[in-house]
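User: I have a two-part question about interfaces. Can you walk me through what was computed?

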Amino acid sequence: MPKKIPIRAAKVGQTLTEPVVQDAGQILLSEGTVLDHSNLDLLRQRGVMLVTIDDGDDAAAPSEKARTVSDEELKKILLEESQWFGEQRKEEFMAEVFRWVVGHRAHIEGDER
Amino acid sequence: MRDEVDKVIKRIHELPTLPLVYKRVSDLLRNPYTSASDVAAVISEDQVITTKLLRLVNSAHYGFSEKVETITRAVSLVGMQAVKDLVLATSVMDLFHNNDEPGAWTVVEFWRHSLAVAVASSCIAEAVEDPHVEEYFVAGLIHDIGKIVWIEYFPDEFKDVLDIADSNRLPCIEAEKQRLGFTHVRAGRLLAKRWKLPERLIETIAWHHDPRLADKHPRFPALVHVADVIANAMHLGKSGNGCVPPLAPEAMEICGLSPSDVPHLLPKIHDAYQDSILMLSFWDASEKQEIEGDLSTV
Ligand SMILES: [Fe+2]
Ligand SMILES: [Fe+2]
């Protein structure tokens with residue numbers, strides 16, 4: 001999946017899915033270029049901030065991760081996080097954050113057992 | 001209360017100034033003919049900042065493929081403006097060492113929170129394709145600098161603030177109003193003005209709890225505000241809140257974030273925070289000697 005990433009997260013071996021073009025319109029690297037140490041340094045030196053690469057990433061939502069805590073423990077996590085978030089856990093954006101945090105804790109605490 | 005306010009203001013005026021190297025680099029950057037080696041020469045005169053800066057540039061946050069061995073190389077890779085910001089960040093983190101713990105809340109936890117907000121700010125900037133990723137990182141790192149005034153000079157009063165916030169499930173800023181009649185954003189703004197920080201950082205420090213009030217650079221406090229709420233929600237470090245501070249909906253609009261960004265954004269923040277947390281170790285007292293002896297890389 002093509003994805004725009006910051007230059008500092010770009011790695012040797014990744015392939016550009018879009019050319020890197022400077023403000024003046026000059027193409028620094030063309031589409032399909034495989035990043036190596038020297039062209040990465042060149043991009044950094046020219047102040048390029050973002051590149052588009054194909055990383056095949058499909059980040060999994062926490063709910064998709066295996067839930068490994070008991071129902072009792074999950075209830076405890078839900079209660080603690082509900083108190084921590086307060087009423088704003090019902091608002092759209094914070095509801096997503098709440099869901100992620102609960103899922104993440106359930107996953108981590110399950111692993112620790 | 002009035003006495004407390006006067007005491008706070010007096011203390012802020014007694015706080016140390018930033019190291020000369022920051023002012024000199026700032027002055028150099030006002031000259032369009034300044035080169036990377038001019039900036040590197042000035043930074044290299046301060047050996048402690050040089051060492052810390054090199055460690056920062058070699059940390060996972062930057063992820064350069066090869067070790068950056070010299071300041072000249074660091075300046076050419078990161079850019080002069082970003083290096084100036086990093087000098088500021090290292091200088092500010094270095095100014096405060098008080099290890100008196102107000103309750104269970106330590107200076108290290110404070111810096112963990114600051115680092116979490118820095119990392120979250122840069123991840124959000126990346127997510128919304130804002131090119132000023134590094135500037136947001138530094139803005140996030142110093143957004144709560146006013147709290148350092150409490151830790152340094154008012155540990156007892158601040159312990160009360162933390163207790164009030166904790167037992168009433170209040171944001172720290174509300175407890176500060178109750179106990180001190182003075183908030184960390186007000187203290188931070190005075191400090192930032194005294195240090196003559198860039199306007200975008202002054203506005204971040206002053207308005208990160210109420211980004212609507214920023215008039216010159218509203219995107220900085222808005223983005224750091226969202227990062228602060230997320231870092232608190234994710235329990236990354238501790239900043240003295242008794243609950244997740246309220247999210248201002250207008251900040252979301254200014255940043256251009258939506259709920260559908262959460263499932264991708266939060267794992268990134270989590271991983272970037274874990275990678276960057278090692279950065280804090282070089283402010284640990286145990287490592288201080290090692291750093292000061294480790295000057296051969298300049
Ligand atoms: Fe704050
Ligand atoms: Fe904060």
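Analyst: What follows covers the contact between the chains, then the one between the domains.

User: Any ground rules before we start?

Analyst: This is a predicted model, in which local features need pLDDT of at least 70, side-chain atom pairs count only at pLDDT 80 or more, and totals for chains, interfaces and linings use all residues. Residues are numbered from 1 along each chain as its sequence is written, chains are lettered from A and ligands numbered from 1 in the order in which they are written, and side-chain values use heavy atoms, with hydrogens and water left out.

User: OK, how many residues does the contact take from chain B and from chain A?

Analyst: Chain B gives 40 residues and chain A gives 25 residues, where contact means heavy atoms within 4.5 Å.

User: And what area is buried between chain B and chain A?

Analyst: About 3000 Å², with 63% of that from carbon and sulfur atoms. Buried area is the accessible area (1.4 Å probe) that two parts lose on being put together, summed over both. On the chain B side, Glu126(B), Val244(B) and Pro259(B) supply 15% of the area buried against chain A, more than any other three residues.

User: How many salt bridges between chain B and chain A?

Analyst: The count is 0; a salt bridge needs a side-chain nitrogen of Lys or Arg within 4 Å of a carboxyl oxygen of Asp or Glu.

User: Which helix of chain B gives the largest share of the side that touches chain A?

Analyst: Helix 16 of chain B, with 7 residues. Helices are DSSP runs (H or I, at least four residues), numbered from the N terminus.

User: Switching to domains. What does the assignment give for chain B?

Analyst: Domain 1 (17-92) and domain 2 (95-295), with bounds from an automatic or database domain assignment. In chain B, 22 residues of domain 1 are in contact with 28 residues of domain 2. These two domains of chain B bury about 2300 Å² between them, 67% of it on carbon and sulfur atoms.

User: Which three residues supply the most on the domain 1 side?

Analyst: Arg55(B), His61(B) and Val92(B), which supply 29% of the area that domain 1 of chain B buries against domain 2 of chain B.

User: How many salt bridges across that one?

Analyst: The rule finds 1 salt bridge across the interface of domain 1 and domain 2 of chain B. Elsewhere in the listing, the side chains of Asp85(B) and Arg200(B) meet in a salt bridge at 3.0 Å, N to O.

User: Which helix leads on the domain 1 side?

Analyst: Helix 6 of chain B has the largest share of the side that touches domain 2 of chain B, 9 residues.

Terms used
Helices (H or I, at least four residues) and strands (E, at least two) are DSSP runs, numbered from the N terminus.
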